[in-house]
Amino acid sequence: QYLNEIKDSVVAGFQWASKEGVLCDENMRGVRFNVHDVTLHADAIHRGGGQIIPTARRVLYAACLVAQPRLLEPMYLVEIQCPETALGGIHSVLNNRRGIFLTSEQQEGTVMYNVKAHLPVNESFGFTKALRSNTGGKAFPQCVFDHWSQLNA
């Protein structure tokens with residue numbers, strides 16, 4: 001009966017809750033809320049934005065906590081060009097930085113290899129310097145955002 005009156009306030013509460021997520025005050029991703037039941041006060045003074053918005057936010061936070069939320073971290077796809085002699089140094093640097101080795105393919109007609117790996121963005125700071133020092137300056141990386149990966153607790 002009064003749902004149309006509070007629709008904008010509930011949407012504002014959702015936007016607030018999803019912009020400042022329940023775990024780290026970060027944006028929430030891939031979340032959906034289904035409103036099944038609403039009980040509202042008959043008096044219009046109790047249905048104002050000052051009452052509904054914070055209440056909607058708290059309800060959405062509670063729903064998130066019950067659903068066992070998880071943190072995601074951004075991952076780079078790293079493409080590295082190097083000679084065969086540098087492959088060991090690349091594996092070493094990737095292992096030290098939680099990198100995940102994907103493929104290593106030799107370029108036809110050359111001694112160069114194309115290595116692909118996933119690397120957490122947080123671990124990428126100083127990655128090029130570490131890679132160059134472990135390979136004698138023979139490895140040339142390129143990092144591009146690839147996906148979000150769930151953090152393990």
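Q: In which sense do strand β1 and strand β3 pair, and over how many bridges?

A: In this predicted model, β1, which covers residues 72–83, pairs with β3, residues 112–120, in the antiparallel sense, and nine bridges join the two strands. One bridge can be followed by eye: Pro83 has Met112 of β3 as its partner.

Q: What is the order of the strands in the sheet?

A: The sheet is open and has four strands in the order β2-β3-β1-β4, with antiparallel pairing. The strands β2 (100–106) and β4 (140–150) stand at the edges; each has a single partner strand, so one side of each lacks a neighbour in the sheet. On average, neighbouring strands are turned by 20° against each other, with direction ignored.

Q: How should the side chains along a strand be read, and where do they point?

A: As a general idea, side chains in a regular strand alternate between the two faces of the sheet. In the present case, one may then look at what packs on the sheet. Helix α3, residues 87–96, packs on it and touches β1, β2 and β3, and the direction of α3 makes about 5° with that of β3. Helix α4, residues 127–135, also packs on the sheet. The strands that α4 touches are β1, β3 and β4, and its direction makes about 130° with that of β4.

Q: At what angle do α3 and α4 pack, and how far apart are their axes?

A: The angle is about 145°, and the axes are 8 Å apart. The crossing of α3 past α4 is right-handed. From α3, the contact is made by Gly89, Ile90, Ser92, Val93 and Leu94, and from α4 by Phe127, Ala130, Leu131, Asn134 and Thr135. Sorted by class, this contact of α3 with α4 contains six nonpolar residues, four polar residues and no charged ones.

Q: Which residues of the largest nonpolar core touch the most other members?

A: This core has 15 residues, and those touching the most other members are Ile80, Cys82, Ile90, Phe127 and Leu131. Two or more residues come from each of the elements β1, α3, β3 and α4. Phe127 is a useful residue to select on the screen. With neighbours within four places in sequence left aside, Phe127 is in contact with Val78, Ile80, Val93, Leu94, Arg97, Leu119 and Pro141.

Q: How many residues lie between the strands in the hairpin of β2 and β3?

A: The hairpin has five residues between its strands, and Gly109 takes a positive phi near 80° there. The strands β2 and β3 run antiparallel and are joined by six bridges. Gln106 stands opposite Tyr113 of β3.

Q: What sign does phi have in most residues other than glycine?

A: In general, most residues other than glycine have a negative phi. Two residues of this model may be read against that idea. Asp25, a residue other than glycine, has a positive phi near 60°. Asp25 is found in the loop between α1 (3–19) and α2. Arg98 is not a glycine either, yet has a positive phi of about 60°; its place is the loop between α3 and β2.

Q: Are Asp25 and Arg98 buried, partly exposed or exposed?

A: The general idea is to compare the relative accessible area with two cut-offs: under 20% is buried and over 50% is exposed, with partly exposed in between. The relative accessibility of Asp25 is 55%, so Asp25 counts as exposed. For Arg98 the value is 41%, and Arg98 therefore counts as partly exposed.

Q: Is Ser18 buried or exposed, and which residues does Ser18 touch?

A: Ser18 belongs to helix α1. With a relative accessible area of 16%, Ser18 is buried. Not counting residues up to four places away in sequence, Ser18 touches Glu26, Asn27 and Met28.

Q: Where is Ala67 placed, and is Ala67 buried or exposed?

A: Ala67 lies in the loop between α2 (49–66) and β1. The relative accessible area of Ala67 is 55%, so Ala67 is exposed. From C-alpha to C-alpha, Ala67 and Arg57 are 15 Å apart in space, and they are 10 residues apart in sequence.

Note on methods: Residues are numbered from 1 along each chain as its sequence is written. This is a predicted model: local features need pLDDT of at least 70, side-chain atom pairs count only at pLDDT 80 or more; totals for chains, interfaces and linings use all residues. Side-chain values use heavy atoms; hydrogens and water are left out. Two strands pair if DSSP finds at least two bridges between them. Axes are lines fitted to C-alpha atoms, for helices over the stretch in contact, and angles run from 0 to 180 degrees between N-to-C directions. Contact means heavy atoms within 4.5 Å. A nonpolar core is a set of buried Ala, Val, Leu, Ile, Met, Phe, Trp, Tyr and Cys residues joined through side-chain atoms within 4.5 Å. Buried means under 20% relative accessible area, exposed over 50%, partly exposed in between (1.4 Å probe, protein chains only). A crossing is left-handed if the near helix is turned anticlockwise from the far one by less than a right angle, and right-handed if clockwise. Ala, Val, Leu, Ile, Met, Phe, Trp, Tyr, Cys and Pro count as nonpolar, Asp, Glu, Lys and Arg as charged, and the others, Gly among them, as polar.
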